[in-house]
Amino acid sequence: MATPVPLLKDELDIVIPTIRNLDFLEQWRPYLSPYHLIIVQDGDPTKVIKVPEGYDYELYNRNDINRILGPKASCISFKDSACRCFGFMMSKKKYIFTIDDDCWVAKDPQGKDINAMEQHITNLLTPSTPLFFNTLYDPYRKGADFVRGYPFSMREGVPTAISHGLWLNVPDYDAPTQLVKPAERNTRFVDMVMTIPKGTLFPMCGMNLAFERTLIGPAMYFGLMGDGQPIGRYDDMWAGWCCKVICDHLGYGVKTGLPYIHHSKASNPFVNLKKEYKGIFWQEEIIPFFQQVQLSKESVTVEQCYIELSKLVREGLNGVDPYFTKLADAMVTWIEAWTEINSKRPN
């Protein structure tokens, strides 16, 4: 009997940011080994990162980023997992799955391993329904459909740009919640995928995330965070807010729910608080800003939307803190670097 070909084997890259050896990939071998890995090494570029045998990969450290992007390397965060977006830029594939190195294969309630990759691909290859909520959640899943009263004119759905997975064991909490609930673990497996409605923002987490690079990739910039910046741990959420506004404008969908991964360890809440504390205040103004953003009809590509959004960030958030002018500049640099890298590739 022939071995089945993994879904999208030649169309998908796996991007992993790391500062350590990737021993966690041994557990993921049945699911991830057929795919190409792009590893973005953060921190000390002289450190040797060991990758389990049998994986096909390319690895970039800070020296590589500086060499490839030159002065534009300033837009890539240092000492922060936001550096993963350099891997998004370097990929030549249609789809991206990105995962953190402290994430293991989760098990469903029956004790069976969850193939997160397969579920993300299913989410991306089926439409989203952001314009009208289906009370049975994702109508394209096996055993589900559109409920009575769902407009037939909307049942075709829209292309899915992002698949946002969740986590068992250690939940993705902010530092204050970690401090008051240090022992809390998520054991609830909810067998559900849903489309986030148009006009609704969400806190995107980058540790278990897939997206169609050719659809939304230029907007998947994880902000300017980490070393030398006044804020951290908001990089993925910044990308999520930007992407959701652009998806809503261009008519793309975002799904959340399955698949689950097992998040193995909680980060230090005191270290996290130091990184987050300004963001905890700033988000009360950032989120209303994104909720009221209106992109113009002239912005018809992701790149055009992102450039326009950078201008709105500069105008609308500079009063919160001058950092946002720097971030807006980094957004422009990111798009310039993305365009330059991709323009050098054959069609």
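The largest cavity of this predicted model holds about 50 Å³ of space. The structure has three cavities of 30 Å³ or more. A cavity here is a set of points, on a 1 Å grid over the protein atoms alone, where a 1.4 Å probe fits but cannot get out. Grid points are joined across faces, edges and corners, and a volume is the space filled by probe spheres set on the points. Local features need pLDDT of at least 70 and side-chain atom pairs count only at pLDDT 80 or more, while totals for chains, interfaces and linings use all residues. Residues are numbered from 1 along each chain as its sequence is written, and side-chain values use heavy atoms, with hydrogens and water left out.

The largest cavity is lined by Met225, Ile231, Tyr234, Trp238, Trp241, Ile286, Tyr323, Phe324 and Leu327. Lining residues have an atom within 4 Å of a point. Two elements, helix 7 and helix 10 (323–343), give two or more residues each to this lining. Helix 10 gives the most, with three residues. The lining has nine nonpolar residues, no polar ones and no charged ones. In this scheme Ala, Val, Leu, Ile, Met, Phe, Trp, Tyr, Cys and Pro count as nonpolar, Asp, Glu, Lys and Arg as charged, and the others, Gly among them, as polar.

Helix 7 covers residues 235–250, 16 in number. Helices (H or I, at least four residues) and strands (E, at least two) are DSSP runs, numbered from the N terminus. From its first C-alpha to its last, helix 7 reaches 23 Å, close to the 22 Å expected at 1.5 Å a residue. The expected span is 1.5 Å times one less than the number of residues. Helix 7 is largely enclosed by the rest of the structure, because 14 of its 16 residues are buried. Buried means under 20% relative accessible area, exposed over 50%, and partly exposed in between (1.4 Å probe, protein chains only). Gly251 follows helix 7 and has a positive phi, near 85°.

The largest pocket contains about 1,300 Å³ of space. A pocket is an open set of points with protein on both sides within 12 Å along at least five of seven lines. Its lining comprises 49 residues, and Ser81, Asp100, Arg233, Ser267 and Asn272 lie nearest its centre. Strand 1 (12–18), helix 5 (175–180), helix 7 and helix 8 (269–292) are the elements that give two or more residues to this lining. Helix 8 gives the most, with seven residues. By class, the pocket lining has 20 nonpolar, 10 polar and 19 charged residues.

Val15 is located in strand 1. Val15 counts as buried because its relative accessibility is 0%. Contact means heavy atoms within 4.5 Å. Not counting residues up to four places away in sequence, Val15 touches Ile38, Val40, Arg84, Gly87, Phe88, Ile96, Phe97, Thr98 and Ile99. Val15 and Phe97 are 82 residues apart along the chain, yet their C-alpha atoms are separated by 6.3 Å.

Asn169 belongs to strand 6 (residues 160–169). With 19% relative accessibility, Asn169 counts as buried. Leaving aside neighbours within four places in sequence, Asn169 is in contact with Arg185, Asn186, His262, His263 and Ser264. The side chains of Asn169 and His262 are joined by a polar contact of 3.4 Å. A polar contact is a pair of N or O atoms within 3.5 Å; within protein, one must be able to donate a hydrogen and the other to accept it, and residues adjacent in sequence count only if both atoms are side-chain atoms. The C-alpha atoms of Asn169 and Lys255 are separated by 21 Å, with the two residues 86 apart along the chain.

Helix 4 (residues 116–125) contains Gln119. This helix is mostly covered, with seven of its 10 residues buried. The buried residues are Ala116, Met117, Gln119, His120, Ile121, Asn123 and Leu124. Gln119 has 19% relative accessibility. Its side chain makes a polar contact of 2.8 Å with the side chain of Asn123. An α-helix has 3.6 residues a turn, so residues three or four places apart point the same way. Beyond four places in sequence, Gln119 touches Val193, Leu258 and Pro259.

Glu156 sits in the loop between helix 4 and strand 6. Glu156 is exposed, with a relative accessible area of 69%. Outside its neighbours within four places in sequence, Glu156 is in contact with Pro127 and Tyr140. The C-alpha atoms of Glu156 and Thr129, 27 residues apart along the chain, are separated by 8.3 Å.
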